[in-house]
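Reader: I would like a close look at one part of this model, namely the contact where two chains meet. Please take it step by step, and connect it to the helices that are involved.

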Protein chains: 2
Amino acid sequence: MSKIHICIIGMGLIGGSLGLALKEASYDQFNITAVDNNPQSLKIAVERGAADQICTEPSQGVRKADIVFICTPVLQIVPIVEQILPFLKKETIITDVGSTKEYLAEKINAILPAGISYVGGHPMAGREQSGIEAADKTLFRNKWYIFIPEVSTSLQALKAVTHIIEYTGANITTMKVKEHDRCAAVISHVPHVAAASMVNLLDFSHDADESLKLAGGGFRDTTRIASSNADMWADICLTNGAAITDGLEDLRSLLAQVILDIERGNRQAIHDFFSVAKKRRDALLNMSL
Amino acid sequence: MSKIHICIIGMGLIGGSLGLALKEASYDQFNITAVDNNPQSLKIAVERGAADQICTEPSQGVRKADIVFICTPVLQIVPIVEQILPFLKKETIITDVGSTKEYLAEKINAILPAGISYVGGHPMAGREQSGIEAADKTLFRNKWYIFIPEVSTSLQALKAVTHIIEYTGANITTMKVKEHDRCAAVISHVPHVAAASMVNLLDFSHDADESLKLAGGGFRDTTRIASSNADMWADICLTNGAAITDGLEDLRSLLAQVILDIERGNRQAIHDFFSVAKKRRDALLNMSL
């Protein structure tokens, strides 16, 4: 049986973890080419066993690929697709792991030539660390990996990518594209902006250093995702802008209501606000979030 | 040497952990009476070794006390002080662990009779679990325990409470009262409101259940403190209202600026926003937050 050739472009946390997981689980049926513009990341990728061969040029790395995973920040994905298209074999499948799916699908499907397929995917496997150093072969295990059939060009291509992702141990599911982007805004993108805002709030304070004495596990956890990659998150904000600004406006409304309740001394309303949140949060935990 | 009699009112996470830590570290020099209106909490307190004797009535529990620790939600503290004052020995010291210090000091110092001292304290040792079940003898270890000399009635009383708290392994420090309340708002109270808001934001969504598929470790950590005790947090909001609403307004301003930057497609500004937050957050981690 001939090997399936996989090219992973972007040897960061996700690309590196994907390489590690596939090499580990596949009994060598995948041949993996890692592409990154950072030679140091490629060196580590090979040392850690995430790739069979490496390459700094996407147009070189994709030539033999049956499937190309693009694992870069969102705004780099479309330029990379444009760059690699002339060099792909017939029937190559392109897939990506970007967090905002409508923007990407529109741009990519608009330039896709006949014979090349696109599958929109999104693994729910972020961490605040980034880079190949943080890659982990178990990163996807028991996490949702969402595919968007609505924006994928063929059922056959979707099946092929799904089959490969099964090796990572992820729970595979599907969503509609608008629903995905709206839900991602509420559950992931808005919390990232809020966490970064809470860190930056310290600059408003005249006594930021003294404040830190009062910082406990609560502050540490609530702001953990503020340590995420700035490039990645700037791209997400720009490509899922409408859903994120909607969510941020809703968050501002909720905060305005709390301010009003505090100013009015309305203990019942404030108590209800916290207890509804606690009930829902505890229920989420029981779902083994 | 006769034992020091300590009464702990409120056998929740903090009161229970204090009892456990003092019994563990004191080589039996402390006699601890636990007071709570919940007999079940008292039963567990004894079983777990957090107290020598128990009592459901504050006015009974404090009679022999040299030092009374009040470890209840903030708004219950002043009524408890009023209730116990007639039953205290001369020279008893009252101290509390409430998160908002100016409100408490003003109310308590206004009713304190001659001979009774008050010491304002605040351990930075919250967890999202509450109750004696979650109590832990190491809860205070290497955490800040802040005293507010400015609102404490005597240096001698402050020294006595400090000496006892040293047994918990906490790092003891002092702050001015307004500074404490302002810093606590920025670093703790506002993040709690924001975390609860992010959970409640799911109610704005038409597809909350689908959203949960996209919830990963980021959402779990960012909203962890939304599982905190609602009574405790309602009280904190009401008793540190001005500092908290100031902080929430600042947070709303930061979010409004991000919305504007997204709408204008200003990637540089959004990138700077995330990268400043990341740099500061990473620096905090290096301070072994």
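Author: What follows describes the contact between the chains, the relation of the copies, and then one helix pair. The model is a predicted one, and in it the contact draws 88 residues from chain B and 88 residues from chain A. On the side of chain B that touches chain A, the elements that give two or more residues are strand S7 (144-147) together with helices H7 (177-200), H8 (208-213), H9 (217-222), H10 (230-239), H11 (241-263) and H12 (267-286) of chain B. Of these, H7(B) gives the most, with 17 residues, and by class this side of chain B comprises 48 nonpolar, 21 polar and 19 charged residues.

A turn of 180 degrees with a shift of 0.0 Å along the axis lays chain B on chain A with an RMSD of 0.0 Å, which is the relation of a two-fold axis. Among the residues of chain B, B:Thr222 comes closest to this rotation axis, its C-alpha lying at 1.9 Å. Because 100% of the interface residues of chain B are also interface residues in chain A, the copies meet through the same surface.

Turning to a helix pair inside chain A, the axes of helix H7 (residues 177-200) and helix H11 (residues 241-263) of chain A come within 8 Å and cross at roughly 60 degrees, so H7(A) and H11(A) are oblique to each other. The crossing of H7(A) past H11(A) is right-handed, and the residues that make the contact include A:Asp181, A:Arg182 and A:His189 of H7(A) and A:Asp246, A:Gly247 and A:Leu251 of H11(A). The residues of this contact divide into nine nonpolar, two polar and three charged.

Terms used. Residues numbered from 1 in each chain as written. Chains lettered and ligands numbered in written order. Predicted model: local features only at pLDDT ≥ 70, side-chain atom pairs only at ≥ 80, totals over all residues. Contact = placed C-beta atoms within 7 Å. Helix = DSSP H or I, 4+ residues; strand = E, 2+ residues; numbered from the N terminus. Nonpolar A, V, L, I, M, F, W, Y, C, P; charged D, E, K, R; others polar. Least-squares fit on C-alpha atoms with pLDDT ≥ 70 in both. Axes fitted to C-alpha atoms, helices over the stretch in contact; angles between N-to-C directions. Parallel < 35°, antiparallel > 145°, perpendicular 65-115°, else oblique. Left-handed = near helix turned anticlockwise from the far one by under 90°.
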